Amino acid sequence: MAVVSDIRSDARVQREAAALAADGHRVLVVGFDSGIRRRDRRVEEGVHYDVLPFPARNLPRPLRLAHAVLGLVRASLLMARERPDVVHCHNLHLSLPALLVAARHRAALVYDAHELEACMHRGAVRRLVETWERLVWRRAQARITTNPSRAEYLDDLHGGRPVVIGNYPRTPDSSTERKDLRARLDIPRDRLVLIFQGGFYLDSRCFDTVAAALRGLPDWHWVIIGFGSETTVRKLRDLVHACGIGNRTHILPPVPVDDLLSYTAGADMGVVALTNAHLNCYLGDTNKLFEYLMAGLAVVGSDFPEVRRVVLDNAVGPVGALFDPASPASVATALREVADDLATFRRNAEKVRGEYSWEAESRTLTDLYRALAAAGAAPHDTELGRAGTPSPPPKGA
């Protein structure tokens, strides 16, 4: 497996690698880790990791880009040393060395599109990314993405429907400790706690809208757990203080993936704060949505197709409410709606969470790999994913 992301916080890569190792494959992940300063080799859950330092987020942009290029070259060299049967490429960053290694050893190529890469660019860059992704797409023996809407879009764009493997969390052990966020953060017991988890992407997350909504809800506290550069964290702090909720907002650093649900369970409600910055966001759902449900939380989220499918259109009943990410009034209305019947929404979340567990979802991945092993390489039109009704992309996408 090859990935350019911070392995410590990339739950999807960790889960996929561990599932394949448990199914009898020898898995090596070449990737990056922001918590190290030199190359590190380790084994976790039966998975071999060969990881390099992730460029520090606080470096000046030119220096950070130089470190990133050096990291890509080093990762490519690590990949070239191996003799794999399968090269599993997460997103496009390391797709060139993945293609070369797969061709050299006649290995199967698996392309795992966590994101709709081209949609995050414009003009000539977008066309270049689309062209390159189409080449990778057509060379791959298996293709994966995260939800039915993205699968439909990629099928239309490149031809060949990918397997859908959702960003679902593991079911926590019954003995998992629930962190008492109110005690840890000195939040009064009679106050409601809203939680956000993930990257502090200010351009594609509606922190400003949520903060503005909370200004008129004095009984709410907001806990934000995630990662970003020092500059981004400072901007986020300035934003919540400008909205007058600085004393009710608690910004915490990222926690290990295995501990995250313990923190999540200490809140009352989770927020999926996507903006319509580009089609990747509009057709996204984020793994945080499913982590909220796994922790038994009610959810408020942006009224986008895949978020709606989970929050309102699941088999059990609504687990929360949706809002317009550009409207603080809409966010406030959704928060009040859920707070008024919080127990019902949380009961529904408890009932539906089994539908979004990694224990069930991982079988799609292991079945795909068994097909590759049995056939030497699965045919290009193989579809092993779940059936799903995709939502159409917006006009002009």
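# Questions about one predicted fold

User: Which residues of helix H14 are buried?

Analyst: A word on the ground rules: this is a predicted model, where local features need pLDDT of at least 70, side-chain atom pairs count only at pLDDT 80 or more, and totals for chains, interfaces and linings use all residues. Residues are numbered from 1 along each chain as its sequence is written, and side-chain values use heavy atoms, leaving out hydrogens and water. "Buried" means under 20% relative accessible area, "exposed" over 50%, and "partly exposed" in between (1.4 Å probe, protein chains only). In H14, which runs over residues 342–352, the buried ones are Leu342, Phe345, Asn348, Ala349 and Val352.

User: What arc around the axis do these buried residues of H14 cover?

Analyst: Helices turn in a regular way: an α-helix has 3.6 residues a turn, so residues three or four places apart point the same way. The arc is taken from the directions that lead from the helix axis to the C-beta atoms. The buried residues sit on the same side of H14 because they cover an arc of only 130°.

User: Which elements are included in what covers the buried residues of H14?

Analyst: Helices (H or I, at least four residues) and strands (E, at least two) are DSSP runs, numbered from the N terminus. Contact means heavy atoms within 4.5 Å. The cover includes helices H11 (287–294) and H13 (328–340), along with strands S9 (192–199), S12 (269–272), S13 (298–302) and S14 (320–323).

User: Leu194 is in strand S9, so is Leu194 buried or exposed?

Analyst: Leu194 has many contacts beyond its neighbours within four places in sequence, among them Val210, Leu214, Trp220, Trp222, Met269, Val300 and Leu335. Its C-alpha atom is 10 Å from that of Arg248, although 54 residues separate the two along the chain. With a relative accessible area of 0%, Leu194 is buried.

User: What does Glu130 contact, leaving aside its neighbours within four places in sequence?

Analyst: Glu130 belongs to helix H4, which spans residues 123–139. Its relative accessible area is 16%, so it counts as buried. Its contacts outside that stretch of sequence are Ala118, Tyr153, Leu157 and His158.

User: And which residues does Arg178 touch, not counting those up to four places away in sequence?

Analyst: Start with where Arg178 is: the loop between strand S8 (163–164) and helix H6 (181–185). Its C-alpha atom is separated by 24 Å from that of Asn247, which is 69 residues away along the chain. The residues Arg178 touches are Ser262, Ala265 and Gly266.

User: How many salt bridges are there?

Analyst: Side chains of opposite charge can pair when their charged atoms come close. Here a salt bridge is a side-chain nitrogen of Lys or Arg within 4 Å of a carboxyl oxygen of Asp or Glu. By this rule, the count is 21.

User: How many residues apart are Asp112 and Arg12, which meet in a salt bridge?

Analyst: The N to O distance in this pair is 3.2 Å. Asp112 is in strand S6 (residues 108–113) and Arg12 in helix H1 (residues 11–22), so to speak distant parts of the chain, and their separation is 100 residues.

User: How many residues apart in sequence are the parts tied together by Arg370 and Asp23?

Analyst: These two form a salt bridge whose closest N and O atoms are 2.6 Å apart. Arg370 is in helix H15 (residues 358–375), while Asp23 is in the loop between H1 and strand S2 (28–33), so the pair joins parts whose separation in sequence is 347 residues.

User: Which residues are joined into one network by salt bridges that share partners?

Analyst: Take one pair, Arg42 and Asp40, whose closest N and O atoms are 2.6 Å apart. Arg42 is buried at 19% relative accessibility, whereas Asp40 is partly exposed at 26%. The network is made of Arg8, Asp33, Asp40, Arg42 and Glu44.

User: What is the phi of Glu45?

Analyst: Most residues other than glycine have a negative phi. Glu45 is in the loop between strand S3 (40–44) and strand S4 (47–53), and is partly exposed at 49% relative accessibility. Its phi is positive, near 55°.

User: What about the phi of Thr286?

Analyst: Thr286 is in the loop between helix H10 (279–282) and H11. It is not a glycine, but its phi is positive, at about 70°.
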